[in-house]
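Me: Could you take me through one part of this model up close? I'd like the backbone oddities in the loops first, and then the pocket that comes second in size.

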Amino acid sequence: MGCLPLFHAFGQSCAMNAAVATGARLTLLARFDPGQALRTIDERRVTVFEGVPTMYAAILAEHERGTEKHGTSSLRLCASGGASLPVEVLHAFEAAFECPVLEGFGMSETSPIASFNHPDRPRKPGSVGTPVEGVEMCLLDPQHGVGELCVRGHNVMAGYWNRPEATAETIVDGWLRTGDLARVDEDGYYYIVDRKKDLIIRGGYNVYPREIEEVLYEHPAVAEAAVIGIPHVTLGEEVAAVVALRHGSAASPDELREFVRERVAAYKYPREVWLVDALPKGPTGKILKRQITAPESR
């Protein structure tokens, strides 16, 4: 089942092209809705589901509400991409639906898959797996084990159309610079730490938003979370969190702030926490941090 628009590399290649190549039936939803997604899985006996992290969180929340009963025993594999899937959401989804979720990494510039947690190999939750066949990955200028992820292989684009300068900045010596910060373990599994442009530098210390978001997702009342940097007079940037709560759940900004403070280093926890009904998302369901702005009343 494909819930991603077919103009997006994920939906086009991993859903439409993969279905055509293998002779599979592809079930499409014109617009993603978690209740409709569960009904469709039940009615069409869907075996493979592909989506972005916000879709997994929404389906899980719909399932937990239990307003309708759906049969999902046909599911045998789920694939997540487009953004980092919170490990807490991954474990909760797998427990609820008894189906493994395999996470991968890719970009439009890599056609789109670069790495994946392959079904026939050990899986590591939180990792985007190992490079796919014919693809190499490495870290550029790693510091404390974290560096910019670079990709080389037959899947990398020839360049941006009529943008030679942008192409030269992105592809250097045959390596595509992804703009993502990552680390790699001793088994060759890669872990996305964060987008390079999303890194928060608070008083000279690096704060990776994804680490803080992972902690927020551990709170039982949190449905969605995004951590951003906001200007600060003396520190340069301050850590802030924007949170949407689960339906029927309650938590105050102070409670969420204290929850994170107890679990991370003192310089990392968000000094400001805002509650919203929902976070802004793009056509694929990916959270758009660039559209998040601080409340006027702060």
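Reply: Start with Pro112, which sits in the loop between β3 (101-106) and β4 (113-116). The peptide bond leading into Pro112 from Ser111 is cis, and its omega is near -10°. Keep in mind that this is a predicted model.

Next, the loop between α4 (87-97) and β3 holds Glu98. Glu98 isn't a glycine, yet its phi is positive, at about 50°. With a relative accessible area of 71%, Glu98 is exposed, because the cut-off for that is over 50%.

His144 also has a positive phi without being a glycine, here about 55°. You'll find His144 in the loop between β6 and β7. Its relative accessibility is 85%, so His144 counts as exposed too.

Those two strands take us to the pocket. β6 (135-143) and β7 (146-153) each give at least two residues to the lining of the second largest pocket, and so do β9 (175-184), β10 (190-195) and α6 (209-217). The volume of this pocket comes to about 580 Å³. It has 23 lining residues, and the ones closest to the centre are Val146, Gly147, Leu181, Val193 and Tyr208. As for chemistry, the lining splits into 10 nonpolar, 8 charged and 5 polar residues.

Key:
Residues are numbered from 1 along each chain as its sequence is written. This is a predicted model: local features need pLDDT of at least 70, side-chain atom pairs count only at pLDDT 80 or more; totals for chains, interfaces and linings use all residues. Side-chain values use heavy atoms; hydrogens and water are left out. On a 1 Å grid over the protein atoms alone, a cavity is a set of points where a 1.4 Å probe fits but cannot get out, and a pocket is an open set with protein on both sides within 12 Å along at least five of seven lines; lining residues have an atom within 4 Å of a point. Grid points are joined across faces, edges and corners, and a volume is the space filled by probe spheres set on the points. Helices (H or I, at least four residues) and strands (E, at least two) are DSSP runs, numbered from the N terminus. Ala, Val, Leu, Ile, Met, Phe, Trp, Tyr, Cys and Pro count as nonpolar, Asp, Glu, Lys and Arg as charged, and the others, Gly among them, as polar. Buried means under 20% relative accessible area, exposed over 50%, partly exposed in between (1.4 Å probe, protein chains only).
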